[in-house]
Amino acid sequence: MRVPLSWLKEYVDITLPVDELEERLTLAGLEVANVEYVGVEPPASVRFKKQIKPGDVVTGNGHIVWDKEKIFVGQVVSVEKHPDADRLTLVTINYGTEEPLTVVTGAPNLKPGDGGQKVAFATAGAMLIDAYADAFKVRKLKPGKIRGILSQGMVCSERELGLSDEHEGIIILPDDAPVGAPLADYLGDVVFDIDITPNMIRIASIIGVAREVAAITEAPLHIDMPTWQTSPPPAGDYADVEIIDDDLCHRYTASIVRDVAVGPSPFWTQHRLKLIGQRPISNLVDVTNYVMFEWGQPLHAFDYDKLLARAKAIGKDKVKIIVRRADEGEKFTTLDGVERTLDADVLMICDEAGPIAIGGVMGGLETEVSDETRNVLLESAAFEFINVRQTAKKLKLPSEAAYRFSRGVPPRLNPIGNVRGAQLMADLGGGDIAQGMIDDYPRPQPVIEVPVTERDVQRWLGIDLSQDEIIDILQRLEFDIRVEDDVIWATAPWYRLDVSITADVLEEIARIYGYDAIPETLLADELPPQRRNWAWELEERLRDILAAAGLQETINYSMTAIENYRKTFPDNPEDAPGPEMFVTLANPLSQERSVMRRCLGVSALENLQRNLRYTDRMAVFEIGLGYRPELGDGVLPKEIRLLAIALTGPREPGNWLHGDDSPMDFFDAKGVLEALFERLGASDDVEYRAESAHIFGPKAAGVYLNGQKIGNVGEVHPKVRAAFDLGDRPVALAGLQIAPLIPYIQTKKHLHPISNFPAVKEDIALVVDEAIPAGKVAALIRQTAGANLKDIQLFDVYRGDPIPPGKKSLAFSLTFQSPTKTLTDKDTARLRRKIVGRLSREIGAELREA
Amino acid sequence: MSQHQELIQLQAQAENELADARDEKQLEAWRIKWLGRKGLVPAAVKQIGSLPKEERAAYGQAVNQLKQAVQAAFEARQQQLKEAAMAAELRSEGFDPTLPGRRPQIGRLHPSSATLREIAHIFAHMGFEVYTARDVETDEYNFQLLNFPKGHPAREMQDTFHTTTPDVLLRTHTSPGQIRVMRERYPEPIRVILPGKCYRYEQVTARSEMMFHQVEGLVVGKNITFADLKGTLQAFVDQLFGEGRQLRFRASHFPFTEPSAEVDVDCILCGGKGCRVCKYTGWLEILGCGMVHPNVLRNGGYDPEEWSGYAFGMGPERIAMLLHGVDDIRYFFSNDVRFLEQF
């Protein structure tokens, strides 16, 4: 809402400097998003202030200062033809100096023979906006000869002053403008742009802002209820009103303005509308806008004669306004010329011949006022706000009127707006008003009395206010007060619909008392029972472990495309999860982000795809949710906490010392998992089983925790790699469910006693069938060797001569240590024999001779 | 040749070969050859037994001299080599400390995670536990129970991603967690923060994202006031941005709190003098907050006549942007490593 200070001052005394007022409004919830200085200098404290130079482009309107020494209110003394140019005139201007000045102008609204008009007159050296540049470019007015005649000043258009785009003609000021006064004093202004929160629709008007200013600054208000001069015959002779659907229309008032002449509005009406951001159209239309911005009541003007003609066409001799829901599929052409198909949720203003307006949203083409209009039926009504909002949204018809109706216009404002509008129309259009107002008011505005006590204020806000102090604050806001013992019964002023419970009143007390005046205290209340959030702690632990393992954390969008899942089924796209397996967005921003991801692997691949343009090595992880509707409760999906790891590119990018440029592969990803399980103390419970999945090639494994599958690790199938454009190097990917790991961070690791006896290292190489997994061999060794085997490392896998085909040699390094004695050669030799014996029996292993 | 001569030759040969031993390994090989158990010198000593008696004394003396001489030469050589090795280690030609070191691969947290963690730590010190709630929510939890009836204009402030299941949506804020934690914990007092992802149906620009994180705070108790809210947030901001920060509480509106406030901190970049980041206002908006609306308390199971509470919410990305001078929120989820590796 744009609020010109000059207009605001009509209703409230303002003595605070602009910047202070801005701050006070903002703190009280009227957030001033911008302050525009129209022709006047911003206060010294304004931080964006900078000297404007010729050639600068200023944004918006009004960002130039009208030099008080150079730009004045002038009066046209005479207008003569330019001797050498048809379209130019010589205008002599009196601007308060002894000698008037003659300048050359091309303004079409000054003609030879004119005189007496008040104009905005700039003398040489003034900074103005260049009327002929595309942007609002500043130029300095210089004296010059135009077709041989010296011109030392300029009669200005709105554009040259930075007021608007208008530069067809010059500004003609009102007749009472004081000649010689600096223009900045006469027309200069400050416009606040205030953001309105949904509960504060009462400030979507100048008067509404004025009331707040009065309450906040304790300044006197000057708001008079509008009155009108009417004459018979009464309005009731012209029309009737019947509200059928009173759940959607709580009140409908209509007045009749007769014999108006349509024409442009006077200067000040137009000027104020422009400052507020509206384009003046004609006196009738301007009045509806003016009253809406002044009082907050949107009005609609119907051409009464057109309504009457419609009535007569169906054999009636009186207009009847009917407010009802539209019929399903009913057609209606709005005043923008668009035919719209309506449904039964749309509230229509109708006459007996059919619809004439969409209630609170837009009028109809057929009955709108035009230049020929002479008689007006002026509507001022109150609609159910949610319905208006839905209609405006559905029909994509946002407007200033719909904006106010969709937040709630109080029914008690209807007649006030109607009286004000009708009288202004009569004033500006020279007509008169029919006696009385047609008023159907089936749903009276509720009056709600709300209790509030000193204790409420103390309990909710933490401040001690006496009953009198509370009452004083509420009276500043024009609440009606009734006191009953220690209870203050407060009734909000009629123009507010947002106060119905004690908390609403407490908010008002806090706002006016000042949030900044409320003290800061530390929580003195009892500390609630404290619990640990193990799922969160696990996530945090995993982040640390993985970052320490050299992986970068990523956070990807939760939304992806089904297509990405299809790409991970290169051989059987038909096996990819179908749409029913996804949480699907009804209104995605793009198809690429149209479903919620089921796992994080796809996100990782998308992520690699983007990054491999800049880098050739990626080692990343993500912890986040996968969304599985099929596991949900039928309404909401199950959300599973997942971890993904992705590795590609050189293992250790080379430098001058060393390096390992070979690409990371399955074993790098598996190594990260091993380190992770090791850190969590889960290693002994984890098993990797050779198994592939759609996204992987043959080098893949299922990850099992205590026999239950919790994830996969593998090298991405080359076709999947190609589908994601990931180049020719292996991409290793692992995905895990993390919830099963929670017990490991809840259990504390138990210290194994550290032996003081020497450790003995033994190497052992075994020849086994190719089909026997190394993990099984290691497990058997561990089982056989017992507690004295402290460590086992596989250090070599060998195939080829002299190992027979179909066999491989696995070399392990074993570390033995006893907690109670020094192991002798004999002890280790015995263990070794035991191991070889068991492996030979169970898996046909042979000791490889050195 | 006489045995004496043989011994002299043997000693000469030993000393020659010793001179050729240039490192410890060669020296050890020499030692084994000459002085080892089966070495040449002990072999020469053993010959004493095979000599006629009359020659033994003279030979014995000679061979002992030989043994001592060779042993001494060995020790001298050993000492010499040690000194040479140490001297070599202490030579510094070609050493350039500016050559790059061998770096382990390092990983990092995402800046959103890191900021979230920092926020959670600060609140943990004030007794706030972390409570996590779901992303895909019902209209009821995301809006209705938080005092946004259907069709309410305040819903316009939060453009929503709906799903194809009626009344199921992506949460637009972490606030539905308020209801979930209240319903779970009643009648205990509550002091939690609720971190998580939120989603808004908004065109992605440098200033707005369709997905972002929020950290919500919720306190419910028998004596919780707006003054407590102010005190908590001041303590938080002092810890996050450094002592002595100015806070400004502006009246605002959120359907689920009343009174509601938006909170600005004096610009951490210009100190309040006015700069591009604070749009020359001197203030940076960092939080929304307020006293929990009585309807919301009631929806959570708490009687507003007996209980009161406050709630606040902030965006870790917004805070990370301020702390690190990031001017485009899109960096956070495009996961460009050139961005991530800077933290």
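Here are some notes on this two-chain structure, which is a predicted model.

1. Start with how chain A is divided up. The domain assignment splits chain A into domain 1 (2-39 + 191-217), domain 2 (71-187), domain 3 (230-440), domain 4 (449-514), domain 5 (534-746) and domain 6 (760-847). Notice that domain 1 is written as two stretches, 2-39 and 191-217, with domain 2 (71-187) falling between them in the numbering. For a sense of scale, the centres of domain 4 of chain A and domain 5 of chain A are 57 Å apart, going by C-alpha atoms.

2. Now chain B. Here the assignment gives domain 1 (3-89) and domain 2 (111-340). Take the C-alpha centres of domain 1 of chain B and domain 2 of chain B, and you get a separation of 86 Å.

3. How many residues does each chain bring to the contact? Chain B puts in 109 residues and chain A puts in 93 residues. About 8500 Å² is buried between chain B and chain A, and carbon and sulfur atoms supply 56% of that. On the chain B side, B:Gln105, B:Arg191 and B:Glu258 lose the most area to chain A, yet together they make up 8% of what that side buries.

4. Let's look at the polar side of the same interface. Between chain B and chain A there are six salt bridges. One of them joins B:Arg134 to A:Glu639, with the closest N and O atoms 3.4 Å apart. If you count polar contacts instead, 53 residue pairs turn up across the interface of chain B and chain A. Helix H8 (residues 226-241) of chain B gives the largest share of the side of chain B that touches chain A, with eight residues. Sorted by class, that side of chain B has 44 nonpolar, 35 polar and 30 charged residues.

5. Salt bridges also turn up within a chain. Over all chains, the count is 81 salt bridges. A nice one to find on screen is the pair A:Arg202 and A:Asp498, at 3.3 Å from N to O. Why is this pair worth a look? A:Arg202 sits in the loop between strand E13 (189-195) and helix H4 (206-217) of chain A, while A:Asp498 sits in the loop between strand E29 (487-491) and helix H13 (502-513) of chain A, so the salt bridge ties together parts that are 296 residues apart in sequence.

6. Next, the aromatic rings. There are 29 aromatic pairs over all chains. In one of them, the ring centres of B:Phe226 and B:Phe249 are 6.3 Å apart and the planes meet at 65 degrees, so the pair is edge-to-face. B:Phe226 belongs to helix H8 of chain B and B:Phe249 to strand E6 (residues 247-254) of chain B, so this pair links parts of the chain 23 residues apart.

7. Finally, a few backbone details to check for yourself. The peptide bond from A:Asp801 to A:Pro802 is cis, with omega near 0 degrees. You will find A:Pro802 in the loop between strand E42 (789-798) and strand E43 (807-816) of chain A. Chain B has a cis bond too, from B:Tyr186 to B:Pro187, with omega near 5 degrees. B:Pro187 is in the loop between helix H7 (176-185) and strand E4 (190-199) of chain B. Then there is A:Asp259, which has a positive phi of about 55 degrees although it is not a glycine. Look for A:Asp259 in the loop between strand E16 (249-258) and helix H5 (267-276) of chain A.

Definitions and conventions: Residues are numbered from 1 along each chain as its sequence is written. Chains are lettered from A and ligands numbered from 1 in the order in which they are written. This is a predicted model: local features need pLDDT of at least 70, side-chain atom pairs count only at pLDDT 80 or more; totals for chains, interfaces and linings use all residues. Side-chain values use heavy atoms; hydrogens and water are left out. Domain bounds come from an automatic or database domain assignment. Contact means heavy atoms within 4.5 Å. Buried area is the accessible area (1.4 Å probe) that two parts lose on being put together, summed over both. A salt bridge is a side-chain nitrogen of Lys or Arg within 4 Å of a carboxyl oxygen of Asp or Glu. A polar contact is a pair of N or O atoms within 3.5 Å; within protein, one must be able to donate a hydrogen and the other to accept it, and residues adjacent in sequence count only if both atoms are side-chain atoms. Helices (H or I, at least four residues) and strands (E, at least two) are DSSP runs, numbered from the N terminus. Ala, Val, Leu, Ile, Met, Phe, Trp, Tyr, Cys and Pro count as nonpolar, Asp, Glu, Lys and Arg as charged, and the others, Gly among them, as polar. Rings of Phe, Tyr and Trp (its six-membered ring) pair if their centres lie within 6.5 Å; planes under 30 degrees apart count as stacked, over 60 as edge-to-face and the rest as tilted.
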